[in-house]
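Opening the notebook on a new model today. I want to go through the sheet, the helices on it, one polar residue and the cysteines.

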Amino acid sequence: MEDPAPVTATPLPAEVAIGLTVNGVRRQLHVAPWTTLLDALREHLGLTGTKKGCDHGQCGACTVLVDGRRINACLTLAVMRDGAEVTTIEGLADGDALHALQEAFIEHDAFQCGYCTPGQICSAAGLIREGHAKTRDEIRELMSGNICRCGAYPNIVAAIEQAMGGAA
Ligand code: FES
Ligand code: FES
């Protein structure tokens with residue numbers, strides 16, 4: 001039997017040029033093809049508000065909004081998001097005016113160590129935008145991908161409820 005033909009893999013380029021609009025500002029980056037969006041934000045753009053918890057899509061600490069939808073930034077490659085609009089926790093406030101969710105989190109003591117907070121707030125912003133949550137239980141259910149090791153859940157839900165305008 002003849003030996004099978006050798007398989008030759010095309011080497012990946014060391015870096016790929018991509019463009020992202022991050023918090024309203026157009027940014028150009030050169031990233032390795034395997035760079036996650038999370039690492040691109042934190043390591044390349046210095047936006048360390050977005051946190052790395054598990055790095056495996058299980059904790060929600062890295063949640064950001066991409067084209068208005070919440071996603072786990074550790075589970076997507078930056079090159080797959082070329083041209084996208086990304087909003088991180090740094091982009092939610094309007095100058096000195098905090099986002100309604102940021103104010104509500106402060107008012108309701110919705111954080112302890114604060115490590116999960118940026119992801120919780122970005123996720124909540126996505127949830128409100130989606131418009132599916134109408135009750136406290138639905139908020140809990142739709143925020144279940146965001147883990148808080150400090151157990152601040154009741155206050156987080158109360159803060160989100162307030163930011164939704166008391167409609168929940
Ligand atoms: S760091 Fe992305 S889900 Fe945990
Ligand atoms: S406030 Fe500490 S992990 Fe949520």
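**Entry 1: helix α1.** A note to self before anything else: this is a predicted model. I started with α1, residues 37-44, and asked which of its residues are buried. They are L37, L38, D39, A40 and L41. I noted that D39 is on that list along with the leucines L37, L38 and L41. Next I looked up what these buried residues pack against, and found strands β1 (16-22), β2 (25-31), β3 (63-66), β4 (69-72) and β5 (85-87). The helix α1 lies across these five strands, β1, β2, β3, β4 and β5, and its angle to β2 is about 105°. Just after α1 comes G46, and I wrote down its positive phi, near 70°.

**Entry 2: the sheet.** What is the strand order in the open sheet? I read it as β2-β1-β5-β3-β4, five strands with mixed pairing. The edge strands are β2 and β4; each has a single partner strand, so one side of each has no neighbour in the sheet. From one strand to the next, the twist averages 40°. I then checked the pair β1 and β5, which is parallel and spans two bridges. For T21 I looked up the bridge partner in β5, and it is E85.

**Entry 3: helix α3.** I went on to α3, residues 117-130, and asked which strands it lies across. The answer is β3, β4 and β5, with α3 running at about 40° to β3.

**Entry 4: N146.** I found N146 in the loop between α4 (136-142) and α5 (153-163). Is N146 buried or exposed? Its relative accessibility is 6%, so N146 counts as buried; the cut-off is under 20%. I then looked for a polar partner, and the side chain of N146 has a polar contact with the side chain of S123 at 2.8 Å. Setting aside neighbours within four places in sequence, I listed the contacts of N146 as C59, G60, T63, G119, Q120, S123 and Y153.

**Entry 5: cysteines.** C59 had just turned up among the contacts of N146, and I looked up its accessibility. C59 comes out at 15% relative accessibility and therefore counts as buried. I did the lookup for C74 too: at a relative accessible area of 8%, C74 is buried. How many disulfides does the structure hold? I got zero.

Key. Residues numbered from 1 in each chain as written. Chains lettered and ligands numbered in written order. Predicted model: local features only at pLDDT ≥ 70, side-chain atom pairs only at ≥ 80, totals over all residues. Heavy atoms only, no water. Buried < 20%, exposed > 50% of the residue type's maximum accessible area, 1.4 Å probe, protein only. Helix = DSSP H or I, 4+ residues; strand = E, 2+ residues; numbered from the N terminus. Contact = heavy atoms within 4.5 Å. Polar contact = N/O pair within 3.5 Å; in protein donor to acceptor, adjacent residues only side chain to side chain. Pairing = 2+ DSSP bridges. Axes fitted to C-alpha atoms, helices over the stretch in contact; angles between N-to-C directions. Disulfide = S-S within 2.5 Å.
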